[in-house]
Amino acid sequence: MSREIVLLVLLILVAYRATRLVVRDTFPPVLWARDRLAGGWRKLTEAERDRYYATSEKSELIKQWEINKNDLTQRYIRRVSWSPHWLAELITCPWCASAYVSGALVLITDCVIGIQWPWLMGGAVWAGASLIASRPSA
């Protein structure tokens with residue numbers, strides 16, 4: 001296999017994982033930033049679910065967390081006042097997030113090791129990463 005094909009496959013896989021981190025993962029610092037910038041309804045994390053079922057003051061947590069009373073697996077987060085609506089879409093959409101993640105990865109790779117056709121490579125990485133990222137996860 002040529003160097004460019006191996007590099008393309010590696011960039012697609014790294015862009016997919018970085019996109020997954022931005023869009024879906026519950027890694028606490030990333031989840032905190034995504035909650036503040038995007039807001040809205042999201043599933044409870046395992047730690048939040050454990051805390052909810054372990055406490056005796058469930059009504060207090062429901063007030064504090066704004067849990068959907070019909071579905072106790074959903075929590076509403078208010079985003080910060082300066083965060084625009086379009087930013088929430090960019091952070092929560094796998095296709096959108098893979099675009100800027102792929103662009104940043106290709107730019108960094110081009111600056112560090114050089115790529116023959118960075119604009120074509122950027123489009124290919126975006127296409128591959130977004131197709132993988134938009135698949136429903138199990």
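Why does Val-9 count as partly exposed? In this predicted model, the residue has a relative accessibility of 39% and is therefore placed in the partly exposed class, whose bounds are 20% and 50% relative accessible area. Val-9 belongs to helix 1, which spans residues 3-23. Together with Ile-5 and Leu-13, Val-9 makes a nonpolar surface patch of about 240 Å².

The largest pocket encloses about 590 Å³ of space. Its lining comprises 22 residues, of which Val-23, Arg-24, Thr-26, Arg-34 and Lys-43 are the closest to the pocket centre. At least two lining residues are supplied by each of four elements, namely helix 1, helix 2 (28-38), strand 1 (40-43) and helix 3 (46-54). In terms of residue class, nine charged, seven nonpolar and six polar residues form the lining of the largest pocket.

For the second largest pocket, a volume of about 180 Å³ was computed. Helix 6 (94-112) and helix 7 (118-133) each contribute at least two residues to the lining of this pocket. The largest share, six residues, is provided by helix 6. Among the lining residues are Ala-99, Ser-102, Gly-103, Val-106, Leu-107 and Asp-110, as well as Pro-118, Trp-119, Gly-122, Gly-123 and Trp-126. Classification of the lining of the second largest pocket gives six nonpolar residues, four polar residues and one charged residue.

Methods
Residues numbered from 1 in each chain as written. Predicted model: local features only at pLDDT ≥ 70, side-chain atom pairs only at ≥ 80, totals over all residues. Heavy atoms only, no water. Patch = residues over 30% accessible without salt bridge, like charges linked within 9 Å, V, L, I, M, F, W, Y side chains within 5 Å. Areas by Shrake-Rupley, 256 points an atom, 1.4 Å probe, with all protein chains shown as cover. Salt bridge = Lys/Arg side-chain N within 4 Å of Asp/Glu carboxyl O. Buried < 20%, exposed > 50% of the residue type's maximum accessible area, 1.4 Å probe, protein only. 1 Å grid on protein atoms, 1.4 Å probe; cavity = no way out; pocket = protein on both sides within 12 Å on 5 of 7 lines; lining within 4 Å. Points joined across faces, edges and corners; volume = space filled by probe spheres on them. Nonpolar A, V, L, I, M, F, W, Y, C, P; charged D, E, K, R; others polar.
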